[in-house]
Amino acid sequence: MSVEAWAAATSCPQGGSLRFTVSEPCPVTVTDVATGRTVHEGHATAPTWTLDIPATWPSSLYRARFGPPIPWPYGLPGAAPCPDNEVHFVVRQAVPSAPILVSVPFTTWQAYNRAGHPGEGLYWTEAPDRARRVSFDRPGGGPPPERWEEGLIRWLRPAGYDVAYCANLDLDHGLDLLEQHRLLVVNGHDEYWSAGMRDAVEEFVRRGGNLAVFSGNTAWWQIRLEDGGRTMVCHRDPLEDPTAEWSAADRPENGLTGTSFRAGAGTWGPHMKRMLEESYTVRFAGHWAFEGTGLTDGDKFGQGCLGYETDAAEFEEIDGVPRVTARDGTPPSFVVLATADLRHWAAYGQGGMATMGVFTSGLGTVFNAATVNWGNTLHDPVVERVTRNVLDRLSAPRSPRWEVIGPPAELQALAVLGRTLYAADPGGRLLARELCGQNLPWRPVRRTPPLLALAVPREAAGGVAVGLHALTADSRLLALGTASQARELDLGPAPAGAVALAIADCTFYVATTAGRLWSRPFGRDGWQDAGPSNGARCLAGLNGRLFATGEDGELATLLPGALWEPLGVRAPGAVFTAAAGRLISGGAAAPLRWRPVR
């Protein structure tokens, strides 16, 4: 019989000490899992032994092995579990300084501990003799034989990243730990979350922290922690606990991660190897997540990364582009980057989809690879590059940037009415698409006279209705109304040499080639000189403020009656507009992009 051991906690700070319960005196070897380096060799006493952790040990996942090694080959669920003489624990940074914090899913490991043993393991899932509560004060509870988390853990530091580690139970204690980092990484198979864990992470993101989910089947079960966090409770049976599934608690996990296993897929048991046959299909190659990959829409990548469980968001195809419905709890800001149709897995476990994507929540950003095996496929150059793009961007200090939201198109003007982005092209067509981060195509609405600019008032006043207004190539001001109207209303001539139009505070503004800004309040006739235009070639109005770009694309802003102020931002396209706190830019040779005003 092998030695049995467990630790009194799943994590400990640098310079602290960690107590172990050990069934018999034996040699002990402690290894840094991230590097495979042995950091301590000694002799453990029984029934308890204390490890004093030097302050010099890097924050990482460690393994203490008591007694001789026990063969533990990679395998499938139900194969040889983590041996009872191996204990995994995290060493946290005593003074948090790394921009990236990696969470280790001890709750999922413990849920699978003693799987199939009546009354001892939370598995198998529907077995009536499964346990409802399990203790961390027992042997086992280490990684499963597939080691879903190991690939990313071993890759991070050699790849050049400064990372700190925590046990996912540490997230249950609130924001104190998270606030010391810019990016939280959820890795592998992180299925069991307490309300405290979820509350802390969601608030962290809302306040401007970022989350990268290189995981699948994430946050499916809601657990409770008792006995000072040493007992995990998960009933699953709705007669025992109607809120064991997060969706049953009226809080689908999509709100945290953007996706859910409910729409995802799984291939289990002897069929698990089928995951090695599957690949993602690129759906938005122009997105920053795919920078440097050389991929185009429709390309396959990441063979083997999908499985053994995946998550997905419900979406609809719009002219060949996926757009989330948001009916399943996925935030409307979720942008689908890649998809995989895994409905044929219904014969092997659960049929469904995988959707890789990104969304914003408050001031923060969430990326989701939506698969358990992502970190073990980092030998794939595209998987590695996407991972680097995500880590580099989300661990950097917060800085608003232009993001691609659509392909290049010939555009003369842009404006937003409601949730629809309108454009005018050189051929005299009015185009439209939803204003969102997804790379949706333009749809023609109707024919118009040749237009130089578009604008929309915030509210109706002075006989001017909320709707599209336009500046024509022959210097006329038109009311185009809504997209369904077939006839334009001529509102009279614009000032000579007019090149740009905006509406702010119930007033039309026009910039001219002579470098002047002209205004006309709603309900009045005649134009008034409102001062210099700052060389504007394009104008936009947002909440009473004017924005302008000149020939060089540099943005400036003006509160009417004051002076122009530079924003220190360059518009990447020839035309732009402003709406909902964002600047939107496009043009003849530039993709459609947006960014926060600040």
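Biologist: Let's start with arginine 516: is this residue buried, partly exposed or exposed?
Modeller: In this predicted model, the relative accessible area of arginine 516 comes out at 31%. Buried would need under 20%, and exposed would need over 50%. The value sits in between, so arginine 516 counts as partly exposed.

Biologist: Which residue forms a salt bridge with arginine 516?
Modeller: The closest N and O atoms of the pair are 3.1 Å apart, and a salt bridge needs them within 4 Å. Arginine 516 is in strand 37 (residues 516–521), and its partner is in strand 38 (residues 528–532), 13 residues apart. That partner is partly exposed too, with a relative accessible area of 42%. It's aspartate 529.

Biologist: Okay, and how far apart in sequence are the parts tied together by glutamate 551 and arginine 537?
Modeller: These two form a salt bridge, with their closest N and O atoms 3.0 Å apart. Glutamate 551 is in the loop between strand 40 (545–549) and strand 41 (554–558), while arginine 537 is in the loop between strand 38 and strand 39 (538–542). So the pair ties together parts whose separation in sequence is 14 residues.

Biologist: Of glutamate 551 and arginine 537, which one is exposed?
Modeller: Arginine 537 has 32% relative accessibility, so that one is partly exposed. The other partner has a relative accessible area of 66%, and over 50% means exposed. The exposed one is therefore glutamate 551.

Biologist: Which residue forms a salt bridge with arginine 327?
Modeller: Arginine 327 lies in the loop between strand 21 (321–324) and strand 22 (335–342), and its partner is in strand 20 (residues 315–318), so the pair ties together parts 11 residues apart in sequence. Arginine 327 is exposed at 60%, while the partner is partly exposed at 39%. The closest N and O atoms are 3.4 Å apart, and the partner is glutamate 316.

Biologist: How many salt bridges turn up in the whole structure?
Modeller: Some of them share partners: Arg133, Arg224, Glu226 and Asp241 are joined into one network that way. Searching the whole structure gives a total of 31.

Biologist: Switching to helix 4, what span should its 12 residues have?
Modeller: Helix 4 covers residues 195–206, and each residue counts for 1.5 Å. The expected span uses one less than the number of residues. The end C-alpha atoms are the expected distance apart, which agrees: 16 Å.

Biologist: Which residue just after helix 4 takes a positive phi?
Modeller: Inside helix 4 there are several buried residues, among them Met197, Val201 and Phe204. Just past the helix, the phi goes to about 120°, and the residue is glycine 208.

Biologist: How much space lies in the largest pocket?
Modeller: The lining takes 38 residues, with Thr360, Thr365, Glu403, Arg582 and Pro596 nearest the centre. Elements that give two or more residues to the lining include strand 24 (352–361), strand 25 (364–368) and helix 6 (381–394). The space in the pocket is about 780 Å³.

Biologist: Are the residues of strand 25 buried or exposed?
Modeller: In a regular strand the side chains alternate between the two faces of the sheet. Here Gly364, Val366 and Asn368 point one way, and Thr365 and Phe367 the other way. With 5 of its 5 residues covered, both sets are buried.

Biologist: Which residue in strand 25 is the bridge partner of valine 213?
Modeller: Strand 14 (residues 210–215) runs parallel to strand 25, with 3 bridges joining them. Strand 24 pairs with strand 25 too, in the antiparallel sense over 5 bridges. Glycine 357 has its bridge partner in strand 25 at asparagine 368, and the partner of valine 213 is likewise asparagine 368.

Biologist: One more: what stands opposite alanine 413?
Modeller: Take the open sheet of 4 strands in the order 27-28-29-30, with antiparallel pairing. Its edge strands are strand 27 (413–417) and strand 30 (443–447). Strand 27 is joined to strand 28 (residues 420–424) by 5 bridges. Opposite alanine 413, in strand 28, stands alanine 424.

Key:
Residues numbered from 1 in each chain as written. Predicted model: local features only at pLDDT ≥ 70, side-chain atom pairs only at ≥ 80, totals over all residues. Heavy atoms only, no water. Salt bridge = Lys/Arg side-chain N within 4 Å of Asp/Glu carboxyl O. Buried < 20%, exposed > 50% of the residue type's maximum accessible area, 1.4 Å probe, protein only. 1 Å grid on protein atoms, 1.4 Å probe; cavity = no way out; pocket = protein on both sides within 12 Å on 5 of 7 lines; lining within 4 Å. Points joined across faces, edges and corners; volume = space filled by probe spheres on them. Pairing = 2+ DSSP bridges.
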